[in-house]
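Me: Please give me a close look at one part of this model, with the surroundings it lies against. I am new to it, so define the terms as you go.

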Amino acid sequence: MNDESQRLPVDTDRDVVRVRQLVRTVAVAVKLSLVDQTKIVTAASELARNTLVYGGGGEVEVTRVHNERRAGIRIVFADQGPGIVDLDLALTDGYTTGGGLGLGLSGARRLVDEFDIDTEAGKGTTITIVKWCR
Amino acid sequence: MSLSPDEASRFAHLLSSKAEPLAARWAELVAAGLRGRLSSAELRRQTSELQRAFQQAFDAGATDLTSEAAAELRAQLDELSTNRARQGFTATETAISVYAFKEATLEILGSVDDATTLRDYVAFSGFVDRAALFTFDSYVRVRESLIADQAEQLLELSTPVVKLWEGVVAVPLVGTLDSARAQVVMERLLQTLVDTGSPYAIIDITGVPAVDTQVAQHILKTVVAARLMGADCIISGIRPQIAQTIVALGIEFGDIATKASLADALRYVISQNKRAGR
């Protein structure tokens, strides 16, 4: 059973801050530990900024999820940007095309429990992450 | 719906012939809505001025609020909402100041028994509605500019560089470290290093809720810049959850000294100082 999801646009730096605040609120509500809260908020911050910088803006959807045993939080980042041509390369630590540290995408993957990326050159990128309560 | 020139002139006549009682009643109605937060003399002055502006607009043949003849009236309305917004009145309280004009006019008209007067009043009422909407728009614009100003001030306020000890300056970072703030922080820190000739700078991130790669990169750049100027940087205030997140992200701080608390950082700097015989 899933609760209603909340959507936010990502078109400016301020929107990234809003995404972060929403994720923190939901993470607290599903009773994630302080460390996991910080991890999911940081991952959301990275991916929302990628949506903005590389995807040219898009949308974020935050949902509380449950399975048989535990609660969690699922976040979907979707953009209609240029997509990722070489996914393996993009997921390599230290690789960047935007002048950052090159750790956002690969680091975010390490911060969450489930990480799914759906991208095609020219078709945009959709990333889904899930963090479960321990 | 706009006024016909006939209607405009009839209203100009009504407003000038009943100027005194109309402005007085209008001021009373506004005063009731504002519950004594503006003196009645002040309100009386405002309604008289507004009423004169309405009258002049109608006299000049203004059939619509956007027309040339209503320019003076628009300026008056704009001034009213600017003042209300700055004095902290709500949007409703501001709009009511204009809407009350309709009620006052209706009372002065007395019983409306013929169709012409009724049609006139409806047209006039539409005009005042647009005036109130205009006030509302100006109100929102003023509030938005106030908020923008405050955001600017916050940017300035939230990044102080403090002298902690002889030769030690500290930057306590609080809140979100976006590019604009990171730039301000770096400039302040580097300038303070020059001004005080301090060999040590402590960047405290206790108040930063999440350290992502962008924040880390801003901090790293600041540290490198400070080093180029001959100052050593220590990063303090790294809480357990932040430490674990930084490790998972794969951010490396290299040979930059990091401490859990500001006190640890200060202790470290002082011991370094002693070792160097300063």
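Reply:

**Helix 2 of chain A and its surroundings**

Helix 2 of chain A, residues 34–53, lies across strands 1, 2, 3 and 5 of chain A, and runs at about 10° to strand 3 of chain A. Helices (H or I, at least four residues) and strands (E, at least two) are DSSP runs, numbered from the N terminus. Angles run from 0 to 180 degrees between N-to-C directions, with axes being lines fitted to C-alpha atoms, for helices over the stretch in contact. Contact between two residues requires their C-beta atoms, placed from the backbone, to lie within 7 Å.

This is a predicted model in which local features need pLDDT of at least 70 and side-chain atom pairs count only at pLDDT 80 or more, while totals for chains, interfaces and linings use all residues. Residues are numbered from 1 along each chain as its sequence is written, and chains are lettered from A and ligands numbered from 1 in the order in which they are written.

The chain that holds this helix comes next. Chain A contains four helices and five strands, and along the sequence its pattern reads β-α-α-β-β-α-α-β-β. Of its 134 residues, 40% are buried; a residue is buried if 20 or more other C-beta atoms lie within 10 Å of its own, exposed if 12 or fewer, and partly exposed in between, with C-beta atoms placed from the backbone. Among the contacts in chain A with a separation of 6 or more, 63% link residues 24 or more positions apart.

The sheet that helix 2 of chain A lies across is an open one of five strands in chain A, ordered 1-2-3-5-4, with antiparallel pairing. Its edges are strand 1 (6–10) and strand 4 (114–120) of chain A, each having a single partner strand, so one side of each has no neighbour in the sheet. On average, neighbouring strands of the sheet are turned by 15° against each other, direction ignored. Two strands count as paired if DSSP finds at least two bridges between them.

Strand 3 of chain A (residues 71–79) pairs with strand 5 of chain A (residues 124–132) in the antiparallel sense over eight bridges. Here A:Ile73 is opposite A:Lys131 of strand 5 of chain A. Strand 3 of chain A also pairs with strand 2 of chain A, again antiparallel, over nine bridges. A:Val60 has A:Phe77 in strand 3 of chain A as its bridge partner, and a hairpin of four residues joins strand 2 to strand 3 of chain A.

Helix 1 of chain A (residues 13–29) also lies across part of this sheet, namely strand 1, strand 2 (58–66) and strand 3 of chain A. Its direction is about 160° to strand 1 of chain A.

Now to chain B. Helix 2 of chain A is among the elements that cover the buried residues of helix 9 of chain B, as are helix 4 (104–111) of chain A and helix 8 of chain B. The buried residues of helix 9 of chain B are B:Thr245, B:Ile246 and B:Leu249. They lie on the same side of helix 9 of chain B, because they cover an arc of only 100° around its axis. The arc is that of the directions from the helix axis to the C-beta atoms. As a general rule, an α-helix has 3.6 residues a turn, so residues three or four places apart point the same way. On the face turned away from the buried side, helix 9 of chain B carries exposed B:Pro240 and B:Val247. B:Gly250 follows helix 9 of chain B and has a positive phi, near 90°.

The wider contact between the chains involves 21 residues of chain A and 18 residues of chain B. On the chain B side, two or more residues each come from helix 8 (213–228) and helix 9 (240–249) of chain B. Helix 9 of chain B gives the largest share of that side, seven residues. By type, this side has eight nonpolar, eight polar and two charged residues. Nonpolar here means Ala, Val, Leu, Ile, Met, Phe, Trp, Tyr, Cys and Pro; charged means Asp, Glu, Lys and Arg; the others, Gly among them, are polar.

For comparison with the chain above, chain B has 10 helices and five strands, and 34% of its 278 residues count as buried.
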